[in-house]
Every structure is written in C-alpha cells, then in structure tokens.
Amino acid sequence: MIFDTGLFGIIFILIFFIVISMFIYNIFNGINTLHTNNHSPRLTVEATVVSKRTQTDFHHQNMNNTGTFSSTTYYYVTFEVSSEDRIEFCVKGAEYGMLVEGDKGNLTFQGIRYLGFERGYYA
C-alpha cells in the first residue's frame, strides 16, 4: 500500500496537501498580480523621492560537506506624490543608486510596477 493509514500516513498526506496548496496559491497570486498590473493604466505623476531602503536576504547551501553562502539584495524607493500619498516600489540597483532623497520629477508606474523616474525641477 502506498500510504499507511496510521498516524504518520495521515500527517504525511496532510502536510503534502498543505504544501501543494501553498504552491498553487502562490502561482495564482503571481498571475493575478501580473494581470492586474498589465490592465492598470500607465500613470505619470509629479513625485518626490522621500526615502530609500534595502533588504538583504542571506542563503546557505550545503553541498558535499561544503557550505556556500550567497545573498540577494532588494532595493526600495518611496515616492510622495502631490496628494501627499506615498508609494513604495522595488527598483533595480542601478536605478536605486541614481536616486537621491529629495529628488523631484515625474514618476511613471503601472499598478505596482515601477517604470521609471525622470528628474525635473519643480517649485
């Protein structure tokens, strides 16, 4: 018999279905976000860079009794638009480096997708 009907078999089946359900949920959530972004209007608004932050995730892999470490850094920039609403976007490292807090210009985005920032001079 493939699955034992004992306690271990029941727990194994339960955890298996929970993991598969989470995997399927993440796939559908990603597709929904992509669909929402693609069907949102592309907006360009006057904005000011108000803050920047990074998030670094560390990864460890153990292969053949040797450990390797790696990291991934995510870059975030918060913009304030004329209505005083703030929007945070994940941006590429090169873009992050070019933006300075206090920069004013035109922010272009679509849904939660950052498309660019063109520096300008506004009073």
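The following questions and answers concern a predicted model of a protein chain.

Student: In what order do the helices and strands of the protein chain run from the N terminus on?

Tutor: The protein chain holds two helices and five strands. Helix H1 covers residues 7-38, and strand E1 covers residues 42-63. Read from the N terminus on, the elements run α-β-β-β-α-β-β.

Student: What radius of gyration does the protein chain have, set beside a compact globule of 123 residues?

Tutor: Along the principal axes, the C-alpha atoms fill a box of roughly 75 × 40 × 20 Å. A compact globule of 123 residues would have a radius of gyration near 14 Å, whereas the value for the protein chain is 22 Å.

Student: Which strand gives the largest share of the largest nonpolar core?

Tutor: This core has 13 residues, and among those that touch the most other members are Val77, Phe79 and Phe89. Strands E1, E2, E3, E4 and E5 each supply at least two of its residues. The largest share, three residues, comes from strand E2.

Student: Is Ile27 buried, partly exposed or exposed?

Tutor: Ile27 lies in helix H1, and it belongs to a nonpolar surface patch that also includes Phe23, Ile24 and Phe28. Together the residues of this patch have about 1,100 Å² of accessible area. Buried means under 20% relative accessible area and exposed means over 50%. Because its relative accessibility is 38%, Ile27 counts as partly exposed.

Student: What percentage of the 123 residues in the protein chain is buried?

Tutor: The accessible surface of the protein chain comes to about 9,500 Å², with 60% of it belonging to carbon and sulfur atoms. As for the residues themselves, the buried share of the 123 is 20%.

Methods
Residues numbered from 1 in each chain as written. Predicted model: local features only at pLDDT ≥ 70, side-chain atom pairs only at ≥ 80, totals over all residues. Heavy atoms only, no water. Core = buried A, V, L, I, M, F, W, Y, C linked by side-chain atoms within 4.5 Å. Buried < 20%, exposed > 50% of the residue type's maximum accessible area, 1.4 Å probe, protein only. Helix = DSSP H or I, 4+ residues; strand = E, 2+ residues; numbered from the N terminus. Patch = residues over 30% accessible without salt bridge, like charges linked within 9 Å, V, L, I, M, F, W, Y side chains within 5 Å. Areas by Shrake-Rupley, 256 points an atom, 1.4 Å probe, with all protein chains shown as cover. Salt bridge = Lys/Arg side-chain N within 4 Å of Asp/Glu carboxyl O. Rg over C-alpha atoms; globule rule 2.2 N^0.38 Å.
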